[in-house]
Amino acid sequence: MQPASIEQATNVPLAQLTTMRIGGPAAHFIEAMSEANLVEAVTQADQRGEPVLLIAGGSNLVISDAGFAGLTVHIATRGIDIKPASDSADTLVRAAAGENWDRLVAQLVSDGYSGIEALSGIPGSVGATPVQNVGAYGSEVARIIDSVEVYDRTTRLRLTMSAQDCGFGYRTSVFKQQPNRWLILAVTFKLAQRAESVAIRYAELAETLGIAPGDATKPIQVRRAVLNIRRRKGMVLDIDDHDCWSAGSFFTNPIVDVTLSDALPEEAPRWPTEDGRVKLSAAWLIEQAGFSRGWALSVNAPASLSTKHALAITNRGRATAADVLELARAVTTGVRDKFGITLHAEPSLIGCAL
Ligand SMILES: Cc1cc2nc3c(=O)[nH]c(=O)nc-3n(C[C@H](O)[C@H](O)[C@H](O)COP(=O)(O)OP(=O)(O)OC[C@H]3O[C@@H](n4cnc5c(N)ncnc54)[C@H](O)[C@@H]3O)c2cc1C
């Protein structure tokens, strides 16, 4: 069946589609409400040789002030399907890429599923969760992904990838590594209905819950505690709070060799990684390099670090992408000068660079 023809608009402001509320216009813009329209729009642009920007919740994007010269496709597909797994007592939850992530988490936690609760409150869409393997409070989405349905723009084939095929790592995946190749259409999660959450290893979360690290509690309690902690840090969306006009953490936690880690003060937070290196806290490095919460390049500057979390760069109301990037560069330079460590941006930078 041919998809219904898709209406294309021109010169559409993109800032309002991002949580940072920055970025210029899209030369061409389509809202894809169905999977068929989504694939059709991207295929046609690829055939024309027109660059494509995929945008869903806009919560991990920094779009340049010049905007995007090609076709921007806003992913607005819907549909959730829940069925028993054929090979176990688990449940398979398939959600279309455009579904809202936290609405799905809220529904599944309230339906008694366990394993997804610590990922509460992350803004954006279901389809973007595999892109950077979203994670928080000791959980990563890779742990509960069964498969990802994709359209491969190089072969023009639709396929289903197992979690192993997705190359998940800390804030990365094949989708992040090859952004112009994969269009994620739907994600299937494998979950079980259980009275207990997964073990809570993240110290701050365990403390908030009043349990020992490694213990478990009810998934709904974990969701509530995570949302409370996130609110305190400006990490849930609230239109009235400029600390949330961000892309969440602006920098990933750097992973460095042991020698570099050993050169840091003893109190620097560090976590060993499986490949023998060490993950450091970007927030700690930023604060120790002299950039405290709320830091800005000047008084009343339009962009500043969040007043609640040094890792988030925020738009105080009239910031441009240039303002955000200038601040980000000041922070990376400061951290490099003090510690010799290069911070990398977590959000996708569109038409701009650090
Ligand atoms: C306040 C706040 C808190 C946050 N907290 C966290 C956190 O705790 N942990 C965390 O990991 N992240 C966090 N983030 C970042 C962000 O919410 C996640 O990365 C989220 O998954 C992005 O979803 P989105 O739909 O908004 O993606 P978008 O911003 O629309 O897109 C992000 C990237 O994914 C691509 N993309 C989107 N959809 C698809 C698709 N269907 N197929 C292929 N590519 C696609 C886009 O082209 C872009 O490169 C936070 C952001 C904010 C603003």
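How many aromatic pairs does the structure hold? The structure holds 6 aromatic pairs. Two of them appear in the close-ups below, after an overview. The model is predicted.

**Figure 1. Overview of the chain.**
The chain has 8 helices and 19 strands. Its radius of gyration is 20 Å, close to the 20 Å from the globule rule for 354 residues, so the chain is as compact as a globular protein of that length. The C-alpha trace spans about 65 × 50 × 40 Å along its principal axes. Buried residues make up 51% of the 354. Among contacts with a separation of 6 or more, 61% join residues 24 or more positions apart. The accessible surface is about 16,000 Å², and carbon and sulfur atoms contribute 49% of that surface. The chain carries 33 positive and 38 negative charges. The mean positions of these two sets are 2 Å apart.

**Figure 2. Tryptophan 101 and phenylalanine 189, a tilted aromatic pair.**
The ring centres are 5.6 Å apart. The planes meet at 55°, so the pair counts as tilted; edge-to-face would need over 60 degrees. The pair links distant parts of the chain, with the two positions 88 residues apart in sequence numbering. Tryptophan 101 belongs to helix H2, residues 101–110. Phenylalanine 189 belongs to strand S13, residues 182–193. Both tryptophan 101 and phenylalanine 189 are buried.

**Figure 3. Tyrosine 137 and tyrosine 202, an edge-to-face pair.**
Here the ring centres lie 5.2 Å apart. The planes are at 80°, so this pair is edge-to-face. Tyrosine 137 sits in the loop between strand S9 (135–136) and strand S10 (139–140). Tyrosine 202 sits in the loop between S13 and helix H4 (203–209). The two tyrosines are 65 residues apart, and the pair links distant parts of the chain. Tyrosine 137 has 11% relative accessibility and counts as buried. Tyrosine 202, at 33%, counts as partly exposed.

**Figure 4. Arginine 156 and arginine 171, two loop residues with positive phi.**
Most residues other than glycine have a negative phi. Arginine 156 is not a glycine, yet its phi is positive, about 55°. Arginine 156 lies in the loop between strand S11 (145–152) and strand S12 (157–162). With a relative accessible area of 41%, arginine 156 is partly exposed. Arginine 171 also has a positive phi, about 50°. Its loop runs between S12 and helix H3 (174–177). Is arginine 171 buried or exposed? At 15% relative accessibility, arginine 171 counts as buried, because the cut-off for buried is under 20%.

**Figure 5. Aspartate 65 and its contacts with distant residues.**
Aspartate 65 is in the loop between strand S4 (61–63) and strand S5 (68–75). Its relative accessible area is 38%, so aspartate 65 is partly exposed. Which residues does aspartate 65 touch, not counting residues up to four places away in sequence? The list is Gly23, Gly24, Pro25, Thr320, Ala321 and Ala322. Alanine 321 is 256 residues away in sequence from aspartate 65. In space, the C-alpha atoms of aspartate 65 and alanine 321 are 5.6 Å apart.

**Figure 6. Valine 42, a buried residue of helix H1.**
Helix H1 covers residues 35–48 and includes valine 42. The relative accessible area of valine 42 is 0%, so valine 42 is buried. Leaving out residues up to four places away in sequence, valine 42 touches Val52, Leu54, Val73, Arg153 and Leu183. Leucine 71 is 29 residues from valine 42 in sequence. The C-alpha to C-alpha distance between valine 42 and leucine 71 is 8.5 Å.

**Figure 7. Glycine 49, an exposed loop residue.**
Glycine 49 lies in the loop between H1 and strand S3 (52–55). At 59% relative accessibility, glycine 49 counts as exposed; the cut-off for exposed is over 50%. Glycine 70 is 21 residues from glycine 49 along the chain. Their C-alpha atoms are separated by 9.3 Å.

Technical notes: Residues numbered from 1 in each chain as written. Predicted model: local features only at pLDDT ≥ 70, side-chain atom pairs only at ≥ 80, totals over all residues. Heavy atoms only, no water. Helix = DSSP H or I, 4+ residues; strand = E, 2+ residues; numbered from the N terminus. Rg over C-alpha atoms; globule rule 2.2 N^0.38 Å. Buried < 20%, exposed > 50% of the residue type's maximum accessible area, 1.4 Å probe, protein only. Contact = heavy atoms within 4.5 Å. Areas by Shrake-Rupley, 256 points an atom, 1.4 Å probe, with all protein chains shown as cover. Lys, Arg positive; Asp, Glu negative; His and termini not counted. Charge placed at Lys NZ, Arg CZ, Asp CG, Glu CD. Phe/Tyr/Trp six-rings, centres within 6.5 Å; stacked < 30°, edge-to-face > 60°.
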